[in-house]
Every structure is written in C-alpha cells, then in structure tokens.
Amino acid sequence: MKKFILPVFFLCALSLGGCGMVQEMIFEKAIEAGSGEKVDIDMSQESVDIKTNEGNLSVSSGDNVKLPDTFPKDIYFDKNAEIRMAMDLPEGVSVTFVSNESVAAVKDKYTAEMAKNGWSQEMTMDVNGQSMFGFQKQDRASQIMIYEDQGQTLVQVTAKK
C-alpha cells in the first residue's frame, strides 16, 4: 500500500475540486500503471475511495468531513474541532483538524488526555513552534503534530492499527 501514498496525495489534490467518471477512470489507469495493481476509485461527496488487493484507502477533505468510524475511541479528539481531512488506510487512520486553542493549550490537553487513556509518551519534539509527539499503548502507536498556520492551530493525529 505504501506505493500508493504519492499517487493518492496527487489524486486528492486534483480530484476533490471536480469529480467525474472520466477523472476516476484516468486516475485509476494512472495508479494502476504506477503500481501494477488493479484499483477501483470512487470520487464522490468530497472524498476519494481507492480499493486494491492490499486493502482500501479513503480520503475525505473539505467542509463536511466526519471523524472516521475507525478512529480509536481511546485517542483524544476535541469534539469542537473542525475536521479538514480524514484518511482511512489499511494500516491506520489520520485526521487533520483546526482547533480554536493555542498550540501550547492543545499540546497540554493531548499530553494529559493521552496519559489518562493509558497511552505512554515515547517521543516529543518542539521545533519552530511545532510540537510532535509519539505515543505507545501495548502494540499500538499514534503520532500527533500540532502547529500554527495562518493564525489557526492545526492538529494532525495519526493512529496505527
């Protein structure tokens, strides 16, 4: 599935602005040519779904993105946050959202809430106003990146299955 990462981001950047059956066929052929695998793409309602022999990949972006059903219940998520992008991958899930709070406040919440939910913090790094964390819980891992962009606090949470 790793060989799909670059084409998927390219696909998302181009496709979410205008969907259509012809675009789906063009992108399917492009990804099939690059990967050697048969793929089925569905670009509808601000989302892209790719089905392959190795699993399914779903990417949603836009104004009405929902938290994926596969998002782990034991990973903190601010219910007031505005989700900007969600990716459901065979190896995990990734959600990017906007918070009304500062980077420092969001960082403090994640540190406290993840510990409360049984996650141990394995890594932390603060560089140029960006905070990155790595958490572990049994055989599961999650990464959280918090940063400011154009006056907004963006948070990306990635959880591996």
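I began with the enclosed space in this predicted model, and I noted that the largest cavity holds about 40 Å³ of space. When I counted cavities of 30 Å³ or more, I arrived at one.

Next I looked up what surrounds this largest cavity, and I listed Tyr-76, Asp-78, Phe-97, Ser-99, Glu-101, Val-106, Lys-109 and Tyr-110 as its lining. I then asked myself which element supplies the largest share of that lining. I found that α3 does, with three residues, and I recorded that α3 (103-116) and β5 each supply at least two residues. Sorting the lining of the largest cavity by class, I wrote down four nonpolar residues, one polar residue and three charged residues.

I turned afterwards to the open spaces, where I noted that the largest pocket contains about 150 Å³ of space. Following its lining along the chain, I recorded Met-87, Leu-89, Glu-91, Gly-92, Val-93 and Ser-94, and further on Gln-143, Gln-156, Thr-158, Ala-159 and Lys-160. Going through the elements, I saw that β4 (82-89), β5 (92-99) and β9 (152-160) are those that give two or more residues to the lining of this pocket. How many residues come from β9, which gives the most to the lining of the largest pocket? I put the number down as four. By class, I entered five polar, four nonpolar and two charged residues for the lining of the largest pocket.

As a last entry I marked β5, which gives two or more residues to the lining of the largest pocket and also supplies at least two residues of the lining of the largest cavity.

Key:
Residues are numbered from 1 along each chain as its sequence is written. This is a predicted model: local features need pLDDT of at least 70, side-chain atom pairs count only at pLDDT 80 or more; totals for chains, interfaces and linings use all residues. Side-chain values use heavy atoms; hydrogens and water are left out. On a 1 Å grid over the protein atoms alone, a cavity is a set of points where a 1.4 Å probe fits but cannot get out, and a pocket is an open set with protein on both sides within 12 Å along at least five of seven lines; lining residues have an atom within 4 Å of a point. Grid points are joined across faces, edges and corners, and a volume is the space filled by probe spheres set on the points. Ala, Val, Leu, Ile, Met, Phe, Trp, Tyr, Cys and Pro count as nonpolar, Asp, Glu, Lys and Arg as charged, and the others, Gly among them, as polar.
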